[in-house]
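I opened my notebook for a look through this model, helix by helix. Here is what I looked up, in the order I went.

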Amino acid sequence: MKNSRIISAALLFTAVSALAEGDPARGKALTGACVACHQEDGNGRDNGASADAWPRLAGMNAEYLAAQLAAYKKGERRAPSMKPFSMMLDDAKAADIAAYYASLPPAAIENPASPDAAQLERGKQLAEQGDASKQIKPCTECHGADNRGDGKIPAITAQPASYLRAQITAWKQGDRPNDSADPKGMFQTARHLDDADSAAVAAWLSTQAP
């Protein structure tokens, strides 16, 4: 009897773990609406400064992606285009979609910004070293040594520059309190970035390999 209980508990734990991790095959079947913006390969697209950019999902951390879907659903992260889709997903479906996109190979964005050399140099400085004189922390402090993510803290390379700028603005305005171990961390950094620095760091990150 004791052994059967142990086996049952183990099977239950395995089933719950599989559900939490998500299934890429099931997730792929649920992405019919996603590809309209995030593209068939999940690598998004930069539509330029005058239009909303579609961020790269391919190769992103699955737990991070699932958390963003939950945040959209709860209204903790605001995006009119994402709210209705997130409302159609329960936790299992969100985990499946996240697992699918995490399994895809990331690629450089097709239409990156074309910044000048001075802007790229400033962006690289901010991303890798920060600017102590303006109380700006380097991106690498949280997003990993190469800015390609650190666990649930997302990769920010090879993302559309216009998308990155929009997220910096969202942090400044308090519209993204949901997806950091220290929700005030990005707010504190973003509020010290003026428009020129926001554009510079976003431009440089957009040109980096995923």
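**Entry 1: the whole chain.** I began with contacts between residues at a separation of 6 or more, and 65% of them join residues 24 or more positions apart in the protein chain. I keep in mind that this is a predicted model. I then went through the elements and found eleven helices and zero strands. From the N terminus on, the order reads α-α-α-α-α-α-α-α-α-α-α. Of the 210 residues in the protein chain, 38% are buried.

**Entry 2: helix α11.** I turned to α11, which covers residues 195-206. Its twelve residues reach 16 Å from the first C-alpha to the last, close to the 16 Å expected at 1.5 Å a residue. Is α11 enclosed by the rest of the structure, or open? Ten of its twelve residues are buried, so α11 is largely enclosed. I noted the buried ones as D197, S198, A199, A200, V201, A202, A203, W204, L205 and S206. The cover over them includes α7 (117-128) and α9 (161-172). I also checked the N-terminal end, where D194 acts as the cap: one of its side-chain oxygens is 3.2 Å from the backbone nitrogen of A196.

**Entry 3: α7 against α11.** Next I looked up how α7 sits against α11. Their axes come within 7 Å and cross at roughly 85 degrees. That angle makes α7 roughly perpendicular to α11, because 65 to 115 degrees counts as such. On the α7 side I listed Q119, L120, R122, G123, K124, L126, A127 and E128. They meet D197, A199, A200, V201, A203, W204 and L205 in α11.

**Entry 4: helix α9.** Since α9 helps cover α11, I gave α9 a page too. The end C-alpha atoms of α9 are 17 Å apart, which agrees with the 16 Å that twelve residues should span at 1.5 Å a residue. Its buried residues are A161, S162, Y163, L164, Q167, I168, A170 and W171. Just after α9 I found G174 with a positive phi of about 80 degrees.

**Entry 5: helix α4 and its neighbours.** I moved back along the chain to α4, residues 62-74. This helix has 13 residues and reaches 19 Å from its first C-alpha to its last, close to the 18 Å expected at 1.5 Å a residue. At its start, a side-chain oxygen of N61 comes to within 2.9 Å of the backbone nitrogen of E63. Just after α4, G75 has a positive phi of about 80 degrees. I wrote down Y64, L65, A66, Q68, L69, A71 and Y72 as the buried residues of α4. What covers them includes α5 and α6.

How do α4 and α6 cross? The axes of α4 and α6 (residues 91-103) come within 8 Å and cross at roughly 140 degrees. The two helices are therefore oblique to each other, and α4 passes α6 in a right-handed crossing. The contact uses A62, L65, A66 and L69 of α4, with A94, I97, A98, A99, Y101 and A102 of α6.

For α5 (residues 83-87), I picked out P84, which is placed in that helix. P84 counts as partly exposed, at 44% relative accessibility. From C-alpha to C-alpha, P84 and Y72 are 8.8 Å apart in space, and they are twelve residues apart in sequence.

**Entry 6: H143 in α8.** I looked up H143 in helix α8 (residues 140-143). Buried or exposed? H143 is buried, with a relative accessible area of 10%. Leaving out residues up to four places away in sequence, H143 touches R148, G149, D150, I153, P154, I156 and M186.

**Entry 7: positive phi outside glycine.** A reminder to myself: most residues other than glycine have a negative phi. Which residues did I note with a positive value? One of them is Q39, with phi near 75 degrees. Q39 is in the loop between α3 (35-38) and α4, and it is partly exposed with a relative accessible area of 23%. I also marked N147, where phi is near 65 degrees. N147 lies in the loop between α8 and α9. N147 is buried, with a relative accessible area of 1%.

Key:
Residues are numbered from 1 along each chain as its sequence is written. This is a predicted model: local features need pLDDT of at least 70, side-chain atom pairs count only at pLDDT 80 or more; totals for chains, interfaces and linings use all residues. Side-chain values use heavy atoms; hydrogens and water are left out. Helices (H or I, at least four residues) and strands (E, at least two) are DSSP runs, numbered from the N terminus. The expected span of a helix is 1.5 Å times one less than its number of residues. Buried means under 20% relative accessible area, exposed over 50%, partly exposed in between (1.4 Å probe, protein chains only). Contact means heavy atoms within 4.5 Å. A polar contact is a pair of N or O atoms within 3.5 Å; within protein, one must be able to donate a hydrogen and the other to accept it, and residues adjacent in sequence count only if both atoms are side-chain atoms. Axes are lines fitted to C-alpha atoms, for helices over the stretch in contact, and angles run from 0 to 180 degrees between N-to-C directions. Angles under 35 degrees count as roughly parallel, over 145 as roughly antiparallel, 65 to 115 as roughly perpendicular and the rest as oblique. A crossing is left-handed if the near helix is turned anticlockwise from the far one by less than a right angle, and right-handed if clockwise.
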